[in-house]
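Here is a short note for a colleague who is meeting this structure for the first time. Please keep the sequence and the 3D view open while reading.

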Amino acid sequence: MVSETPEDTFSDEVEDRLEHLFGEEEPAEMTETNDGAVIDYPLRELKTIILSIDWEITPEVMAGFVDQVGVLQDKFSDDKIVLVFLQLLGSLGEYIRKNLGQSHPEAFRNLNSLFVGLEKIVQDEDLTESEKKIILSTELSKYKQLKGELTKSKTPATVTK
């Protein structure tokens, strides 16, 4: 008889709770809006992966994240703003994949913030091009700030004489 490890028990418990919250069925690619209309939701898989990153960062999860970003880049190849969001997400995903648990804590907040901005742009058809650019500009500033912090932490201290 094989005994369960604490990790197995924890994993089973998480799955049970998620099943209880969301039901047993896998969510569909389609989402129903408040007015009953059904719309395509192409970010479902990416959102699922990002939520799983909050639970556990593994090389497999991060590889899936990077792969899903690539799939979405193909799907949205004609939308420059969405592509920039996906490039930023991909870059952060690669950073987290390489560093896993040693990643800068702000990287995870930035990843979630980027996804929220991307989701808003993809789902809200009423946004104007300038509103989309403002959202992108805000997220790009956060990304650049994080990148600056990461660059500073990698730069060796200079010796003063």
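The points below go from the overall fold to single residues.

1. **What kind of model.** This is a predicted model. The chain averages a pLDDT of 80, and 71% of the residues score at least 70. Confidence peaks in H5, at 94. The lowest value belongs to strand E1, residues 30-32, with a mean of 50.

2. **A stretch to read with care.** Over residues 23-31, pLDDT stays under 50. The model has 18 contacts for this stretch beyond four places in sequence.

3. **Overall fold.** Six helices and two strands make up the secondary structure of the chain. Their order along the sequence is α-β-β-α-α-α-α-α. Among contacts with a separation of 6 or more, 56% join residues 24 or more positions apart.

4. **Surface and burial.** The chain has 161 residues, and 30% of them count as buried. Its accessible surface is about 11,200 Å². Carbon and sulfur atoms hold 53% of that area.

5. **The main core.** Which residues have the most contacts inside the largest nonpolar core? They are Leu46, Phe65, Phe85, Leu86, Leu89 and Leu118, in a core of 34 residues. Helices H2 (44-55), H3 (59-75), H4 (80-99), H5 (105-123) and H6 (129-154) each supply at least two of its residues. H4 gives the largest share, nine residues. In soluble globular proteins, nonpolar side chains tend to be buried together.

6. **Phe85 up close.** Follow Phe85 to see part of this packing. Beyond four places in sequence, Phe85 touches Leu114, Gly117, Leu118 and Ile121. Its other such partners are Ile135, Leu136 and Glu139. Leu118 is also among the core residues with the most contacts.

7. **Helix H4.** Does the length of H4 agree or disagree with what is expected? The helix has 20 residues, so at 1.5 Å a residue it should span 28 Å. Its end C-alpha atoms are 29 Å apart, which agrees. The buried residues of H4 include Ile81, Val82, Phe85, Leu86 and Leu89. Gly90, Gly93 and Tyr95 are also on the buried list.

8. **The two ends of H4.** Asp79 caps the N-terminal end. One of its side-chain oxygens lies 3.2 Å from the backbone nitrogen of Ile81. Just after H4 comes Leu100, with a positive phi of about 45 degrees. Leu100 is not a glycine, yet its phi is positive. It sits in the loop between H4 and H5. Leu100 counts as partly exposed because its relative accessibility is 23%, and the buried class ends under 20%.

9. **Helix H5.** H5 has 19 residues. It reaches 28 Å from first C-alpha to last, close to the expected 27 Å. Its buried residues include Phe108, Leu111, Leu114, Phe115 and Leu118. Polar names appear on that list too, among them Asn110, Ser113 and Glu119.

10. **Ser113.** Is Ser113 in H5 buried or exposed? Ser113 is buried, because its relative accessible area is 17% and the cut-off is under 20%. Beyond four places in sequence, Ser113 touches Glu139 and Lys142. Glu139 is a partner of Phe85 as well.

11. **Ile50.** Ile50 is found in helix H2. With 3% relative accessibility, Ile50 counts as buried. Leaving aside neighbours within four places in sequence, Ile50 is in contact with Phe65, Asn112 and Phe115. Phe65 is one of the core residues with the most contacts, and Phe115 is a buried residue of H5. Ile50 and Met62 are twelve residues apart along the chain, and their C-alpha atoms are separated by 9.1 Å.

12. **Glu131.** Glu131 lies in helix H6. Its relative accessible area is 35%, so Glu131 is partly exposed. What lies 2.8 Å from a polar atom of the Glu131 side chain? The backbone nitrogen of Thr128 does. Ile121 is ten residues away from Glu131 along the chain, with 8.9 Å between their C-alpha atoms. Ile121 is itself buried in H5 and touches Phe85.

Note on methods:
Residues numbered from 1 in each chain as written. Heavy atoms only, no water. Core = buried A, V, L, I, M, F, W, Y, C linked by side-chain atoms within 4.5 Å. Buried < 20%, exposed > 50% of the residue type's maximum accessible area, 1.4 Å probe, protein only. Helix = DSSP H or I, 4+ residues; strand = E, 2+ residues; numbered from the N terminus. Contact = heavy atoms within 4.5 Å. Areas by Shrake-Rupley, 256 points an atom, 1.4 Å probe, with all protein chains shown as cover. Expected span 1.5 Å × (residues − 1). pLDDT = per-residue confidence, 0-100. Polar contact = N/O pair within 3.5 Å; in protein donor to acceptor, adjacent residues only side chain to side chain.
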